[in-house]
Each structure stands twice: as C-alpha cells, then as structure tokens.
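Student: I have a structure open and would like a close look at one part of it. Could you walk me through the salt bridges and what surrounds them?

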Amino acid sequence: QGTTQQHKAVVTSCAAPQQSDGFAFVFRHGAVKSEDTFKTSPFHFDLWFYFTLQNWVLDFGRPIAMIILPLEWFPLNKPSAGDYFHMAYNVITPFLLLKLIERSPKTLPRSMVYVSIIVFVMGASIHLVGDSVNHRLIFSGYQHHLSVRENPIIKNLKPETLIDSFELLYYYDEYLGHSMWYIPFFLILFIYFTGCFTPVEEESRMPMSALLLVGPSSLYYWYLVTEGQIFILYIFTFFAMMALVMHQKRKGLVLDSNGLFLFYSFIITLLLIAVWVMWLWNDKILRKKYPGVIYIPEPWAFYTLHMNNLHAPKESF
C-alpha cells in the first residue's frame, strides 16, 4: 500500500508540471494568434494619398493630357502623352497595391494576391493599346456615343473586313482589357478589406486625413465604374463588403479607419452613380448606345455627344 501511494505521488508530481506547461503553452500560443489577428493598423494616409493622386493624374488625366497637349508634340502615328501616363499607371498601381497588402494587420493569401497582380498588369496593358487607338480616333471624328459600325468614319471603310478589325480592337479595349484589369483590382481591394477589422471600438473612426481623401477617392471610383462599364462587378464587391461587415459585427468586430475609408468611398460612389444616371435618364441617344436594364452612360460618350464642338476632326492629320 505504501508503495502504491508513493507511485501515485510520483505520477502526480510528474504530470502536474507537464499539465501546467501545456496550459501555459496553449495560453501563450492563443495570445500570439490573438495578437496577430487583432493587431492595430493606423490609417495609411501616405498610401491612400499616393493611390488617389496617381489614379486622378495617370488614369483620369491621361485622355485629358492627350487632348490638351499639341498634336505637333505627339503625332497621331506615335504614342500620345496619355499613353505614357498609362504606362506609368501600369507600373505604379501594382506597386501601391502590394504595399497596401503588406500593411494589412491580417495575413492574407499571398498566392491569390500575386496572381491577381499579374492578371491586373496584363489587362491594363491590353487596355493601353486599345484605349490609345480609340482615343486617337477622336481627332479623326470618331464618336464614342455611337457603336463601331454606326460611326461615320468607320462604316464607309473598304473593304468591310476592316470594320471587323476595329470591332476586335473595341473588344480588346472595352471587354477583355477591362475584365482582366478591374476584376483583380476589386478582388485585391476586397482581400485587403477582409483584414480591416478590430475588436476595439475606439479604433473604428476616420481621422481628418481620411475625411479629406474620401471625396476625391469616391469621385474617382465613380469615373472608374461608369467609364469602365463595370457596375455589376462594383455592386457585387460592395454587397460582399456589406455582408462581411454584418458577419464580423456579430463576432464583436468593427471596421478600423482603413476599412471605413474604403467602405464609405464605395457608399459615396453608389450615390454619385445614382445622380449621374438620373441626370441622363431621358437622353435618347445615350439610351440607344446603352440599352438594357442597367443604364450607366460613359463620361467619354457624354463628352463626344454634348461637347463635340470642342473637338472637331483634324482634317490636316
């Protein structure tokens, strides 16, 4: 009996430290995981500022630069100033997206991010070529509010197979290029958005710097959605954001400052799109160009239709 009691005492004394160490290990391991998951992330003013600035200058500003700068500097058979803007955009934007992903407080799927960046660059490069030719056609009288075959400078081409070539160019520009450009772009933003949650209520507010940037950012997304004709992609991304916010709220998590900046930018973008559609709701010509349930005219189609007198065809070229 004495031997049995001694044996139990030895077993208990040996097991107790192991159990204590095990609990300590689990506690430490859980603490590390919790720290990794809910690490604080301040508002990335520098990245969001550079991102908004280069979007406005290199994307929205490229067709404007092409129109404003003299044709003598950039002949019609050479790349325009807007093309060089587009080239810079294709390099800078993927870099900023990667830096944004690196600053996420949550570990994100790197392989998906890298593949998305690769497809993004391919799509933006395809769009560069098609968009360059289509915008240069404005100088010859091309009207963006008309389809390819209805354009006066296109429908009289001989042989008629040349019209098929211009339709192929339009397909690469407006469909394939836009899809390969914008789908990975919004996917990366959503992947980053999934890591923008915190259990601390005090971190769920936007600083003044974010409030100053949310307007220009939203206005750019309005241009992106309307000109790119990607409303379905945008609205599905926005709905996914809303669903994720409600799901995380049930867990006691709220958006941090970066998540709020993205979320509010998308909300304001939706309001701007609604105002744009209501303004042009009764435009019969644009209605013909954009038939169907979803009617969202492109800003460039509006420009060539209602401001065409500012850009008469250049016969000398």
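Student: To start with one partner, is Glu-150 buried, partly exposed or exposed?

Tutor: Happy to take that one, bearing in mind that this is a predicted model. Glu-150 is partly exposed, because its relative accessible area is 35%. Its side chain meets that of Lys-288 in a salt bridge, with 4.0 Å from N to O. Glu-150 sits in the loop between α4 and α5 (152-155), while Lys-288 belongs to helix α10 (residues 284-289), so the pair ties together parts that are 138 residues apart in sequence. Lys-288 itself counts as exposed, at 62% relative accessibility.

That pair is one of 8 salt bridges found in a search of the whole structure. Another joins the side chains of Asp-46 and Arg-103, at 2.8 Å from N to O. Here, Asp-46 is in helix α2 and Arg-103 in the loop between α3 and α4, so the bridge connects parts 57 residues apart in sequence. Both ends are partly exposed: Asp-46 has 30% relative accessibility, and Arg-103 has a relative accessible area of 33%.

Now follow helix α2 along to Asp-59 and Arg-62, which form a salt bridge whose closest N and O atoms are 3.0 Å apart. These two are 3 residues apart in the helix, so about one helical turn separates them. Arg-62 counts as buried, at 7% relative accessibility, and Asp-59 is buried as well, at 1%. Asp-131 joins Asp-59 and Arg-62 in a network of salt bridges.

For the setting, the protein has 11 helices and 2 strands, and 44% of its 317 residues count as buried. Its largest nonpolar core has 64 residues, and Trp-48, Phe-185, Phe-193, Tyr-221 and Phe-266 have the most contacts inside it. Helix α2 (45-68) is among the elements that each supply at least two residues of this core, as are α3 (81-102) and α4 (110-136). Take Phe-266 as an example: beyond its neighbours within four places in sequence, its contacts include Phe-186, Tyr-221, Tyr-234 and Met-241. There is also a second, separate core of 6 residues, and Tyr-142, Val-148, Ile-154 and Tyr-170 are among them.

Finally, an unreviewed UniProt entry lists residues 84-101, 113-130, 181-200, 230-247 and 259-281 under "transmembrane region". In the model, residues 113-130 are 100% helix, and the end C-alpha atoms of that span lie 26 Å apart. Residues 230-247 are 94% helix and 0% strand, with their end C-alpha atoms 26 Å apart.

How values were computed: Residues are numbered from 1 along each chain as its sequence is written. This is a predicted model: local features need pLDDT of at least 70, side-chain atom pairs count only at pLDDT 80 or more; totals for chains, interfaces and linings use all residues. Side-chain values use heavy atoms; hydrogens and water are left out. Helices (H or I, at least four residues) and strands (E, at least two) are DSSP runs, numbered from the N terminus. Buried means under 20% relative accessible area, exposed over 50%, partly exposed in between (1.4 Å probe, protein chains only). A nonpolar core is a set of buried Ala, Val, Leu, Ile, Met, Phe, Trp, Tyr and Cys residues joined through side-chain atoms within 4.5 Å. Contact means heavy atoms within 4.5 Å. UniProt positions are given in the numbering used here, feature names are shortened, and annotations may be inferred rather than shown by experiment.
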